[in-house]
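This report describes the strands, helix packing, local backbone features and empty spaces of one chain. The structure is shown below.

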Amino acid sequence: MAQHVRDSTHRSVSSPGGRVHLVEQGTGPLVLLVHGFPESWYSWRHQLPALAAAGHRAVAVDVRGYGRSSKPVATDAYRMAELVADNVAVVHALGEESAVVVGHDWGAAIAANSALLRPDVFRAVGLLSVPYTPRGGPRPSDVFTRMGGDEEFYVSYFQEPGRAEAEIEPDVRGWLAGFYAALSADTMPAPGAPDPHFVSRTGTLRDRFPVGRLPAWLSERDLDVYAGEFERTGMTGALNRYRNMDRDWEDLAAFDGAPLTQPSVFMGGSLDASTTWLADAIEAYPVTLPGLVSSHLLDGCGHWIQQERPAEVNRILTDWLTALPA
């Protein structure tokens, strides 16, 4: 493991779900880093030392259901409000009253909702890969069913407990390698190839993953770290986040259409489906993110932005953080 990761401090703090494992580096204003699917705190290994060197207390968590954090049995324990409560608990357990929250993928949604529900705690928000989309519109499960058409959208595929686990868990390492490659700029399927976000009615997600080559950002040792965690924990905790999207839609009804008013920054990859499918959400930022300081679309970058382009992401983050009001 790299020296900058070894120099970080690991510990667990109490949370509404039991405990949150976190990795901490540096001193100064608190920056909470929240990963997405299927990752862990390790996704921020390049950001922890960079933010610490820039004068920040950088803290990367294992989200509930991942890594060394608690994994409640109940599916509805993974609803968005619970994950926001975990973030608040981390801030307070670290002896702080407020923090900047930065998230990637599902972590971006968790970060956005943390800022939305608890503006008293989260004073600024950074979003990576997944744009902010205010709550609204039809029930999410209905939207995803329509998106699938003759096939099945991956979010719909993840809904039934045990189904995706049966595909992934017999070969966690191989599945993760394929999933990471499918969404990385240098290994994703060519234009016109079957889309790995969809499943044929008789197939699996893995049928459309690239095979035989890791993306440049992912070493064999990095893959060992990710795979080792999921081989130990299983995939259910991570997948349960997807299984609460309709519950979130109901829970957050009072925030329908609500903007995020705190200072914010967005970064996405030009080759990431999250930014191309949600291009309208990015265009709506003057209304939905009135506190937006800057928005960046990194040319030729895929989904795993802070690992594919760590130097650029670190520069954008540190410049934004430095300019924030104290």
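## Strand pairing at one edge

In this predicted model, H10 has V23 of strand 2 as its bridge partner. Strand 1 and strand 2 are joined by seven bridges and pair in the antiparallel sense. The connection between strand 1 and strand 2 is a hairpin of two residues.

Strand 2 (residues 18–25) also pairs with strand 4 (residues 57–61), again running antiparallel, and four bridges join strand 2 to strand 4. Within this pairing, E24 is matched with V59 in strand 4.

## The sheet as a whole

These strands belong to an open sheet of eight strands with mixed pairing, in the order 1-2-4-3-5-6-9-10. Strand 1 (9–15) and strand 10 (292–298) each have a single partner strand, so one side of each has no neighbour in the sheet. From one strand to the next, the twist averages 20°.

## Helices on the sheet

Helix 3 lies across strand 1, strand 2, strand 3 (30–34), strand 4, strand 5 (99–104) and strand 6 (122–128). The direction of helix 3 is at about 115° to strand 1. Helix 16 (residues 310–323) also packs on the sheet, where it touches strand 3, strand 5, strand 6, strand 9 (264–269) and strand 10. The directions of helix 16 and strand 9 make an angle of about 170°.

## Helix 3 against helix 4

Helix 3 packs on helix 4 as well, at an angle of about 75° and with the two axes 9 Å apart. Angles of 65 to 115 degrees count as roughly perpendicular, so helix 3 is roughly perpendicular to helix 4.

On the helix 3 side, the contact is made by M80, L83, V84 and N87. Helix 4 meets them with W106, A109, I110, N113, S114 and L117. By class, the residues of the contact between helix 3 and helix 4 are seven nonpolar, three polar and no charged.

## Local backbone features

Two loops hold backbone features to note. The peptide bond between F37 and P38 is cis, with omega of about -15°. P38 is found in the loop between strand 3 and helix 2 (47–53).

The other feature is at D105, which is not a glycine but has a positive phi of about 60°. D105 is in the loop that lies between strand 5 and helix 4.

## Cavities

How many cavities of 30 Å³ or more does the structure hold? There are two cavities of that volume or more. The largest cavity contains about 60 Å³ of space. Its lining is made up of V20, V34, V61, D62, V63, R64, L83, D86, N87, V90 and I110. Helix 3 (residues 80–93) supplies four residues, the largest share of this lining. The lining of the largest cavity divides by class into seven nonpolar, one polar and three charged residues. L83, N87 and I110, which line the largest cavity, also take part in the contact of helix 3 with helix 4.

The second largest cavity has a volume of about 40 Å³. H35, G36, F37, V63, Y66, W106, I110 and R241 form its lining, with five nonpolar, two polar and one charged residue. F37, which lines this cavity, is joined to P38 by the cis peptide bond. V63 and I110 are found in the lining of the second largest cavity and also in that of the largest cavity.

## Pockets

The largest pocket holds about 1,300 Å³ of space. Of the 44 residues lining the largest pocket, V130, T133, F144, M245 and L278 lie nearest its centre. Elements giving two or more residues to this lining are helix 4 (106–117), helix 5 (140–148), helix 6 (154–157), helix 8 (172–182), helix 11 (245–251) and helix 12 (273–277). Helix 4 gives the most, with six residues. The lining of the largest pocket has 33 nonpolar, seven polar and four charged residues.

The second largest pocket contains about 280 Å³ of space. It is lined by 17 residues, and M188, P189, P196, H197 and L271 lie nearest its centre. The lining of the second largest pocket is divided into 11 nonpolar, four polar and two charged residues.

Conventions:
Residues numbered from 1 in each chain as written. Predicted model: local features only at pLDDT ≥ 70, side-chain atom pairs only at ≥ 80, totals over all residues. Heavy atoms only, no water. 1 Å grid on protein atoms, 1.4 Å probe; cavity = no way out; pocket = protein on both sides within 12 Å on 5 of 7 lines; lining within 4 Å. Points joined across faces, edges and corners; volume = space filled by probe spheres on them. Nonpolar A, V, L, I, M, F, W, Y, C, P; charged D, E, K, R; others polar. Pairing = 2+ DSSP bridges. Axes fitted to C-alpha atoms, helices over the stretch in contact; angles between N-to-C directions. Contact = heavy atoms within 4.5 Å. Parallel < 35°, antiparallel > 145°, perpendicular 65-115°, else oblique.
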